[in-house]
Amino acid sequence: MPKKTTTDLKKNSKETAPANAGKKPVLLSGGNPQISKGDGDAPVQAYIAAMPEWKSGIGRRLDDLIVNNVPEVRKAVRWNSPFYGIEGEGWFVSYHVLTRYVRVTFLNGALLSPVPPGSGKDEDSRWIDVYEGELDEEQMVEWIRQSAALPGWRGFNTL
């Protein structure tokens, strides 16, 4: 099966440009980019481009790992964070910039093996904080594949 390109993904998704397209994004507390909500690859790429310092490289790599391992993935930005999901199945992963790391949250992470180490009030979600130079790509790909194969979160209306 041929690999889908970003162009293919745009053609097959409901693409909406963020309202702040073309403007330099504001960095919120901790350095998280303030990106208007939008569907498709464009707002996610705007978020990644606005991630400060080394964190932008982490964002690009996460996006590549997700797209290369889940070719049918759909993308959106909500609450100043990129979300990735599968049509009809829900959202399975998101990430967010904090001062010293990028938090990668698996929305169905309690079902993954091994379970990602971070947890909070949501009994389903688990996360891992990725510090500079510490992205374990092999483990991340395993979690991405597992998470995409499970039912995802259906918290907003695009999937």
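Six nonpolar, five polar and three charged residues make up the lining of the largest pocket. Keep in mind that this is a predicted model. The notes below walk through that pocket and then turn to the aromatic rings, where eight pairs turn up in the structure.

**The largest pocket**

- The volume of the largest pocket comes to about 250 Å³.
- Its lining counts 14 residues, and those nearest the pocket centre are Ser81, Phe83, Ser94, Thr105 and Leu107.
- Two or more lining residues come from each of strand 5 (81-86), strand 6 (90-97) and strand 7 (101-106).
- Strand 6 gives the largest share of the lining, with three residues.

**Aromatic rings**

- The structure holds eight aromatic pairs, and one of them joins Tyr101 and Tyr131 in a tilted arrangement, with 5.1 Å from centre to centre and 55° between the planes.
- This pair ties together distant parts of the chain, since Tyr101 sits in strand 7 and Tyr131 in strand 8 (residues 126-131), 30 residues apart.
- Ring pairs also connect Trp79, Phe83, Trp91 and Trp153 into a cluster. Phe83 is a handy residue to look up here, as it also appears among the residues nearest the centre of the largest pocket.

**Exposure of the tyrosine pair**

- Tyr101 has a relative accessible area of 14%, and it counts as buried because that value is under 20%.
- Tyr131 is partly exposed, because its relative accessibility of 28% falls between the 20% and 50% cut-offs.

Terms used. Residues are numbered from 1 along each chain as its sequence is written. This is a predicted model: local features need pLDDT of at least 70, side-chain atom pairs count only at pLDDT 80 or more; totals for chains, interfaces and linings use all residues. Side-chain values use heavy atoms; hydrogens and water are left out. On a 1 Å grid over the protein atoms alone, a cavity is a set of points where a 1.4 Å probe fits but cannot get out, and a pocket is an open set with protein on both sides within 12 Å along at least five of seven lines; lining residues have an atom within 4 Å of a point. Grid points are joined across faces, edges and corners, and a volume is the space filled by probe spheres set on the points. Helices (H or I, at least four residues) and strands (E, at least two) are DSSP runs, numbered from the N terminus. Ala, Val, Leu, Ile, Met, Phe, Trp, Tyr, Cys and Pro count as nonpolar, Asp, Glu, Lys and Arg as charged, and the others, Gly among them, as polar. Rings of Phe, Tyr and Trp (its six-membered ring) pair if their centres lie within 6.5 Å; planes under 30 degrees apart count as stacked, over 60 as edge-to-face and the rest as tilted. Buried means under 20% relative accessible area, exposed over 50%, partly exposed in between (1.4 Å probe, protein chains only).
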